[in-house]
Amino acid sequence: FLKLECLQPIRSFKLRGAYNAMAKAGKAALSEGVWTCSAGNMAQGVAWSARALDVPCTVYVPVTAPRTKIEAVKRYGGKVVELPVDDWVAIFRDRKRDDAKGVFIHPYSDPDVMAGNGVIGLEILEDLPDVDAVVVPWGGGGLLCGIASAFKANGSAAKLYASEVNTGAPLGPSLEAGEPVTVPYAPNFVDGIGTPFVNREMFELAQQLVDGSFIVTPEAAASAIRLVLERNRVVPEGASGTAVAAALAGSAGPGKIVCVISGGNIDFKTLITILSGGTPA
């Protein structure tokens, strides 16, 4: 089964958490605006929400961010600031930026963001109460931890698994080691996930809520994207492909498996390469 978050107005689940966090903060608190750091989807979620709430918005993106996502942020009225990858990654950990103004919306490590994401879990349980397992792309953990919290609160016995790409997969090794570890990281077309580390607070949540992590290759993710396009006529992005690839490999076990298609904002050139049978860089 596929949970199609790619059908949201910004073609990503990130709208749920971004809007929830900003709406709860209130317009008075947002008078100086909002800002976030994102490879593209949370940037769009914050920019879309800022336009809806009529407040200024700035997003910090890595220089490797897909042009498709950057242009979407600009269409929603957000200001885009491109940074070297290392400087961008540091914001996730430090939660600050000297030139940033307004309220910071963390892309994943924020209770209100995770609560917004958790509604996905409620919707899955409403439509498929006897689900056996859910596979969710792991970028920072806000999506999976939000969904898992909803499942646990409702007494579901379903397993909750992360999917990662092997070019930046810190959760699996961290769970195995019992503490956050740093892993090698290389940017690639699976741009919505993949980092060198797990934030400690997210790791502690994952230890309580997550049943394991499956690590797949970019090649497997690309193959899964082709299959979803062929069979369902749905366009998933790279991160979503990792969830489908893990499920197709049997990693999540038998039964009713839900793959969260977290987004569909894939660059056209990347998509053409995948549809031609290749794996983008």
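This is a walk through the structure above, from its overall dimensions to one sheet and two helix pairs.

Please keep in mind that the model is predicted. Taken as a whole, the protein has 11 helices and 9 strands. Its radius of gyration is 17 Å, close to the 19 Å that the globule rule gives for 281 residues, so the protein is as compact as a globular protein of that length. If you would like a feel for the extent of the C-alpha trace, it spans about 50 × 45 × 35 Å along the principal axes.

Let us turn to a sheet. Four strands form an open sheet in the order β4-β3-β2-β5, and their pairing is parallel. The edges are taken by β4 (79–83) and β5 (103–104); each has a single partner strand, so one side of each is left without a neighbour in the sheet. Moving inward from β4, you reach β3, residues 57–62, and these two strands pair in the parallel sense over 5 bridges. To find this pairing in the viewer, look for V61, which stands opposite E82 in β4. A helix also joins the picture here: α2, residues 41–53, packs on the sheet and touches both β2 (34–37) and β3. The direction of α2 makes about 170° with that of β2.

Now for the helix pairs. Two packed helices are described by the angle between their axes and the distance between the axes. Start with α1 (residues 14–25) and α5 (residues 111–127), which pack at an angle of about 130° with their axes 7 Å apart. That angle makes α1 oblique to α5, and the crossing of the two is right-handed. On the α1 side, the contact involves R16, G17, N20, A21 and K24. Their counterparts in α5 include D112, N117 and E123, along with V113, V119 and I120. Sorted by class, the residues of this contact divide into 5 nonpolar, 4 polar and 4 charged.

Further along the chain, α9 (residues 218–232) packs with α10 (residues 238–248) at an angle of about 90°, and the axes are 7 Å apart. The two helices are therefore roughly perpendicular to each other. What does α9 bring to its meeting with α10? The residues are A220, A221, A224, I225, L227 and V228, and they meet G238, G241, T242, V244, A245 and L248 in α10. By class, this contact has 9 nonpolar and 3 polar residues, with no charged ones.

Methods. Residues are numbered from 1 along each chain as its sequence is written. This is a predicted model: local features need pLDDT of at least 70, side-chain atom pairs count only at pLDDT 80 or more; totals for chains, interfaces and linings use all residues. Side-chain values use heavy atoms; hydrogens and water are left out. Two strands pair if DSSP finds at least two bridges between them. Contact means heavy atoms within 4.5 Å. Axes are lines fitted to C-alpha atoms, for helices over the stretch in contact, and angles run from 0 to 180 degrees between N-to-C directions. Angles under 35 degrees count as roughly parallel, over 145 as roughly antiparallel, 65 to 115 as roughly perpendicular and the rest as oblique. Ala, Val, Leu, Ile, Met, Phe, Trp, Tyr, Cys and Pro count as nonpolar, Asp, Glu, Lys and Arg as charged, and the others, Gly among them, as polar. A crossing is left-handed if the near helix is turned anticlockwise from the far one by less than a right angle, and right-handed if clockwise. The radius of gyration is taken over C-alpha atoms; the globule rule is 2.2 Å times the number of residues to the power 0.38.
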